[in-house]
Amino acid sequence: MDISYDYWQGESLETVVQSIAEFRMQVLRQNNEIQTKPLSDQINFLQHYFDSEATVIVANDCGFIVGYLGLVTQLDFHPLLSEYSYYGPDLVTTEGPIVHPDYRGQGIGKSLIMESINHCQTKDIELIIFDPSKIRTSMDHTAITHLATIFDFFDISQGDELIYKKEVEPI
């Protein structure tokens, strides 16, 4: 296993949207608790979700996507976070790392979060909000909480929705 991490931003995101949509379908389809949408809907969602300011960090093993984490500046897809809109471009939000089931437990989710924190530090982004509500399953609860604890994310959960935030220290 030779995992590497690639960053995709701006116009270059268009080249990975279909691959990430296919990856999302593959991973989310394996989970009976999440309703997967057709590929065209996944692509359409990602084209709108990954705005021009978005950064996507992709974990790959010999060219195959095994996980990714998307950092976006818009809150349209995260309605529970509207109270943070005053941060503007100093805020990024993410559904969190999505890792292929065959690669879980190998530190890929942890590495994706570490890469995202490093990215935010270099871009002077002040706050990361981790909102896995649309992709979380009951099995993921423990893993999400564990990752949030490792990286000192503050729990701002609302009801059944797990939400965590982290103020990013500048370099």
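# Briefing: cores, cavities and selected residues

Apart from its neighbours within four places in sequence, V99 is in contact with F23, V27, V66, G67, R104, I108, G109 and L112. This briefing concerns a predicted model. A nonpolar core of 23 residues is the largest in the structure, and a second, separate core has 18 residues. Two cavities of 30 Å³ or more were found in a search of the whole structure.

**Residue V99**

- V99 belongs to strand β5, which spans residues 98-99.
- The relative accessible area of V99 is 8%, so V99 is buried, the cut-off being under 20%.
- One contact of V99 is with G67; the two residues are 32 apart in sequence, yet their C-alpha atoms lie 4.1 Å apart in space.
- The contacts of V99 also include L112, and L112 is one of the residues that touch the most other members of the largest nonpolar core.

**Nonpolar cores**

- Within the largest core, the residues that touch the most other members are L112, I113, C120, I128, F153 and Y164.
- Two or more residues of this core come from each of β2 (55-61), β3 (64-71), α3 (108-122), β6 (127-130) and α4 (140-150).
- Among the contributors, α3 gives the most, with five residues.
- With neighbours within four places in sequence set aside, F153 is in contact with I113, I117, I128, F130, A148, Y164, K165 and K166.
- I113, I128 and Y164 are among these contacts of F153, and they are also listed with F153 among the residues touching the most other members of the core.
- L13, A21, F50 and V72 are among the 18 residues of the second core, which is separate from the largest one.
- As a general tendency, nonpolar side chains in soluble globular proteins are buried together.

**Helix α2**

- Helix α2 covers residues 39-49, and its buried residues are Q42, I43, F45, L46 and Y49.
- These buried residues lie on the same side of α2, because they cover an arc of only 160 degrees around the axis.
- In general, an α-helix has 3.6 residues a turn, so residues three or four places apart point the same way.
- The elements that cover the buried residues of α2 include α1 (14-29), β3 and β4 (91-94).

**Largest cavity**

- The largest cavity holds about 40 Å³ of space.
- Its lining consists of L69, T94, I113, S116, I128, F130 and F153.
- At least two residues of this lining are supplied by α3, and at least two by β6.
- By class, five of the lining residues are nonpolar and two are polar, with no charged residue.
- I113, I128 and F153 line this cavity and are also among the residues that touch the most other members of the largest core.

**Second largest cavity**

- About 30 Å³ of space is found in the second largest cavity.
- Y49, Y68, L69, G70, T94, E95 and G96 form the lining of the second largest cavity.
- Strand β3 contributes the most to this lining, with three residues.
- The lining comprises three nonpolar, three polar and one charged residues.
- L69 and T94 line the second largest cavity and likewise line the largest cavity.
- Y49, a lining residue of the second largest cavity, is one of the buried residues of α2.

**Loop residues**

- C62, in the loop between β2 and β3, has a positive phi near 55 degrees although C62 is not a glycine.
- C62 counts as exposed because its relative accessibility is 61%, the cut-off being over 50%.
- D124 also has a positive phi, of about 55 degrees, in a residue other than glycine, and it is located in the loop between α3 and β6.
- The relative accessible area of D124 is 53%, so D124 is exposed.
- D90 is situated in the loop between β3 and β4 and is partly exposed, with a relative accessible area of 28%.
- Leaving out neighbours within four places in sequence, D90 is in contact with D124, I125, E126 and L127.
- D90 and L127 are 37 residues apart in sequence, while their C-alpha atoms are 6.5 Å apart in space.
- G105 occupies the loop between β5 and α3 and is exposed, at 85% relative accessibility.
- G105 and E126 are 21 residues apart along the chain, and 29 Å separates their C-alpha atoms.

Note on methods: Residues are numbered from 1 along each chain as its sequence is written. This is a predicted model: local features need pLDDT of at least 70, side-chain atom pairs count only at pLDDT 80 or more; totals for chains, interfaces and linings use all residues. Side-chain values use heavy atoms; hydrogens and water are left out. A nonpolar core is a set of buried Ala, Val, Leu, Ile, Met, Phe, Trp, Tyr and Cys residues joined through side-chain atoms within 4.5 Å. Buried means under 20% relative accessible area, exposed over 50%, partly exposed in between (1.4 Å probe, protein chains only). Helices (H or I, at least four residues) and strands (E, at least two) are DSSP runs, numbered from the N terminus. Contact means heavy atoms within 4.5 Å. The arc is that of the directions from the helix axis to the C-beta atoms. On a 1 Å grid over the protein atoms alone, a cavity is a set of points where a 1.4 Å probe fits but cannot get out, and a pocket is an open set with protein on both sides within 12 Å along at least five of seven lines; lining residues have an atom within 4 Å of a point. Grid points are joined across faces, edges and corners, and a volume is the space filled by probe spheres set on the points. Ala, Val, Leu, Ile, Met, Phe, Trp, Tyr, Cys and Pro count as nonpolar, Asp, Glu, Lys and Arg as charged, and the others, Gly among them, as polar.
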